[in-house]
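Visitor: Hi! Could you walk me through the charged pairs in this protein?
Guide: Happy to, let's bring it up.

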Amino acid sequence: MIEKHVEKQFKNLDEQVEIFRHKGMTINDEKYTKQILLRENYFFLNGYRHLFMKDDRTFLEGTTFEEMYSLFLFDRSFRTIVFKYLLVIENNLKSITSYQLSKKYGYRERDYLRNKNFNQDPSRQRQVNDLISKMKRQIRVNGSQHSATLHYVSNYGYIPLWILVKVLSFGIVGEMYSILKPEDQREIAKVYGIDVDDFIVYLPILANYRNLCAHEDILYENKTQKEIDDTIYHKMLNLKQVDNEYVQGKNDLFALIIIMKQMLQAEDFKNMSLELENVVQTLDYNLHTIKLEKVLNRMGFPLNWQDLAKIERSIDN
C-alpha cells in the first residue's frame, strides 16, 4: 500500500507565526518575525528548529524566534567563511594539477587529453573516456563564452590546461585526479603531504561541500557519505571515541575542517580559524535555551577545536 502524504498548502505570514507559537516558541516581536520570515523563507528557517525541540516535537521552554534565527545566521556566516577558503583550495588544486600535467604531457588539448595520459587499467577506460568527453565539451561550450578561453582560441587556436581548469568544476577536477596515472597522482598529492588514497577520498568531499556552500544549504549538521581515515589530528585533539572508534571528525563538518587543515597553507588555515572563532563566539552570546556545546556536538566539533590551528604541520617533500 502506497503511503499518502498530506498536501503542503501555502501559509501566510500570520499562519507561519502561529505555527511557531502553537509549538511553544516565544514570539517577542511579531512584526520583526514576519519581516524575517518574508525575507528568509519559513521553510529554510524551520530547518534550524531541531536543536530547540523536545521529543514531543514542541519547542524547549523559553525558545525564542530570535534564538533560532541566530543559529540560522551562524550557519550562514560559517558557510560564507568555509566557502571562501574552499575556493582557495579549489584554485590551488587546479593550478598544481595543470602544472604537473602540462609539464609532462604538453599544453595543447590534443596533447594533454590523450587517453594514454591517464590510468590504463581496463576497468577504468570507460571513466577515462567519459571524462575526456566532458573536458572536450567544456572546451566547445566555453571556448567562445569565457574571456580567458576565448583569448586563447582566438589568438592561438588552442586552450592550455592551465586556462581550461578555470572553467572546469571542482567535481570534474577531482574526478580527473582519480583516473590519473599513479605516478601523477603521487606527484600532486606529494605537494600537500597527503597519501594518494586519502586524497582520492578528500576531493569529492571538498567538491560536495563547495556546492553545498554555493547553494546556501544547511552546513553545520551536514554529514558526508564517506568517512575519512583517522589522522594525527584525531589523536592530538583527543577526539571522542566509542569502542575505540572516533565519532568526531569522520563524516561531519569537523572532518571537512581536518581536510582543509591539510590542504591550506598554514597562514590561511589560521586566518580561517580566527574568522570561524568569531562567529562561534557570537552564536554563544545569542544562545539561551541551549548551550553552545550542543551545536558544536552536532557539527562534530570538540570543545578544543581551536587547537587544530595551533598544531604545526610538516610536509616531507
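**Salt bridges**

Visitor: How many salt bridges are there in the whole structure?
Guide: A search of the whole structure finds 19 salt bridges. A salt bridge here is a side-chain nitrogen of Lys or Arg within 4 Å of a carboxyl oxygen of Asp or Glu.
Guide: This is a predicted model, where local features need pLDDT of at least 70 and side-chain atom pairs count only at pLDDT 80 or more, while totals for chains, interfaces and linings use all residues. Residues are numbered from 1 along each chain as its sequence is written, and side-chain values use heavy atoms, with hydrogens and water left out.

Visitor: Cool. What does D75 form a salt bridge with?
Guide: Its partner is R79, with the closest N and O atoms 3.3 Å apart. Both sit in helix α4 (residues 65–105), 4 residues apart, so about one helical turn separates them. Helices are DSSP runs of H or I, at least four residues, numbered from the N terminus.

Visitor: And are D75 and R79 buried or exposed?
Guide: D75 and R79 are both buried (under 20% relative accessible area; exposed is over 50%, partly exposed in between, with a 1.4 Å probe and protein chains only).

Visitor: Which residue pairs with R76?
Guide: R76 forms a salt bridge with E216, at 3.8 Å between the closest N and O atoms. R76 lies in helix α4 and E216 in the loop between α11 (196–214) and α12 (232–236), so the pair ties together parts 140 residues apart in sequence. R76 is partly exposed at 24% relative accessible area, and E216 is partly exposed at 46%.

Visitor: New topic: which residues do shared partners join into one network?
Guide: Salt bridges with shared partners link D14, E18, R21, E30 and K34.

Terms used
Helices (H or I, at least four residues) and strands (E, at least two) are DSSP runs, numbered from the N terminus.
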